[in-house]
Amino acid sequence: MRRVTPPRALSVAACAFAVAWALAPAASAQPKPVRPLSEELQGSARAAFEQARMLFERGDYVTAHAKFREAFEISRDVRLVWNMAACSSKQRRYARAIDEAERYLAEGQGTLSAEQQERARSFLVEMRAFVAEATFVVTPEDARVAIDGEPLPLSQGRFTRLLEFGAHDLAAELAGHEPHRERLFVDGPAPIARTIALVAIGRLGRLVVDAPGDATVLVDDRPASRGRFEGELPAGAHRVRVEADGHDPYAVVFDLSPGASKEVSVTLTPTARGPWWPWAVGGAALACGAALGGYFLLRPEPVQEPQLLGTLGTVYLR
């Protein structure tokens, strides 16, 4: 999936501006005089900060983030949280950068100048152009859920999380239930909503659809694969549709029993009469219920990320 990265010139300019800003006195009055971090920090906090500063200047933003966090946990100087946000933005972990910038503003109340607060708010606007808000509702409510391997706390079976553009691995599991695995693609800032219902073991059936390699297989009206599809579905009624350019589509509605396997072999016929095609429905036609469980979805076309404006990833380097 092609992703648009922030302009290199912007990052270089931002770092140069950060150093100049750290060396120069603040344009607006501070609530109280504040010494540079290199003078304020002592002992192990200062040592971690100095290591982080060198790592940041060398472009090792992952390790620099860890060292800035170590220095903050010792000293509780909120300026280090801002440095953590800068490292996160350099790694394109925009959701984490937003969390850290918001924490910087919240914990820095009474100590940050108006200029520093405005800079952080502008930074948040820039970061939010690269994320979408995703809301998940999970049943049973005591299921364990993770995004990209990071456990997420549920509140009454619900959680909301900012996700960067691109691919994410969503997983949910609970003892006695079939695990849910889904490859989730975020291709724009529009909010995302997902409902995940874990199915008790023994209530799944298996479906195999053997279709031409260039055909799209849709299961319950959701794109599932190109060509062959093989996966587990909740017991109940399901709709399968296979379509390809220049061919009549094929569709079938069937009932899948718990523990049963269903195989469908599809050969498409070249279109002979315009854009209207009858549906070929095999087996007992049933009203198709809402499908539960997870499917691997076709990757959508990416959208171009908006260009960043302003300063990105500035740090306190003194």
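The following paragraphs describe helices, strands and sheets in a predicted model. Residues are numbered from 1 along each chain as its sequence is written, and side-chain values use heavy atoms, with hydrogens and water left out. Because the model is predicted, local features need pLDDT of at least 70 and side-chain atom pairs count only at pLDDT 80 or more, whereas totals for chains, interfaces and linings use all residues. Helices (H or I, at least four residues) and strands (E, at least two) are DSSP runs, numbered from the N terminus.

Helix α5 covers residues 79–90. The expected span of a helix is 1.5 Å times one less than its number of residues, and for the 12 residues of α5 this gives 16 Å, which agrees with the 17 Å between its end C-alpha atoms. Burial was judged by relative accessible area, where buried means under 20%, exposed over 50% and partly exposed in between (1.4 Å probe, protein chains only). By this criterion 12 of the 12 residues of α5 are buried, so the helix is largely enclosed by the rest of the structure. Among these buried residues are Arg79, Trp82, Asn83 and Lys90. Just after α5, Arg92 adopts a positive phi of about 65°.

Two pairs of helices were examined through their axes, which are lines fitted to C-alpha atoms, for helices over the stretch in contact, with angles running from 0 to 180 degrees between N-to-C directions. Angles under 35 degrees count as roughly parallel, those over 145 as roughly antiparallel, those from 65 to 115 as roughly perpendicular, and the rest as oblique. The axes of helix α3 (residues 43–58) and helix α4 (residues 61–75) come within 8 Å and cross at roughly 160°, and the two helices are therefore roughly antiparallel to each other. The crossing of α3 and α4 is left-handed, a term used if the near helix is turned anticlockwise from the far one by less than a right angle, with right-handed used if the turn is clockwise. Contact means heavy atoms within 4.5 Å, and the residues of α3 that meet α4 include Ala45, Phe49, Ala52 and Phe56, while those on the α4 side include Ala64, Phe68, Ala71 and Ile74.

In the second pair, the axes of α5 and helix α7 (residues 114–128) come within 12 Å and cross at roughly 25°, and α5 and α7 are therefore roughly parallel to each other. This crossing, too, is left-handed. The contact involves Trp82, Ala85 and Ser89 of α5, together with Arg119, Ala120, Phe123 and Met127 of α7.

Turning to the strands, two strands pair if DSSP finds at least two bridges between them. One open sheet consists of three strands in the order β4-β1-β7, and its pairing is mixed. Its edge strands are β4 (158–164) and β7 (192–197), each of which pairs on one side only, and the twist from one strand to the next averages 25°. Strand β1 (residues 131–139) pairs with β7 in the parallel sense over six bridges, and the bridge partner of Val138 in β7 is Ile196. Helix α6 (residues 94–107) lies across β1 and β4 and runs at about 110° to β4.

Another open sheet, also of three strands, has the order β11-β8-β14 with mixed pairing. Here β11 (229–234) and β14 (261–265) stand at the edges with a single partner strand each, so one side of each is left without a neighbour in the sheet. Neighbouring strands of this sheet are turned by 20° against each other on average, direction ignored. Strand β8 (residues 204–210) pairs with β11 in the antiparallel sense over six bridges, and Leu204 has Pro234 as its bridge partner in β11.

Further antiparallel pairing involves strand β12 (residues 236–243), which is mostly covered, with six of its eight residues buried. Strand β9 (residues 216–219) pairs with β12 in the antiparallel sense over four bridges, and Leu218 stands opposite Arg241 in β12. Strand β13 (residues 250–256) pairs with β12 in the antiparallel sense over seven bridges, and His238 stands opposite Phe254 in β13. The hairpin of β12 and β13 has six residues between its strands, and Gly246 in the turn has a positive phi of about 80°. Strand β9 is also joined to strand β10 (residues 222–226) by four bridges, and these two strands run antiparallel. The bridge partner of Leu218 in β10 is Pro223. Two residues lie between the strands in the hairpin of β9 and β10, where Asp220 takes a positive phi near 55°.
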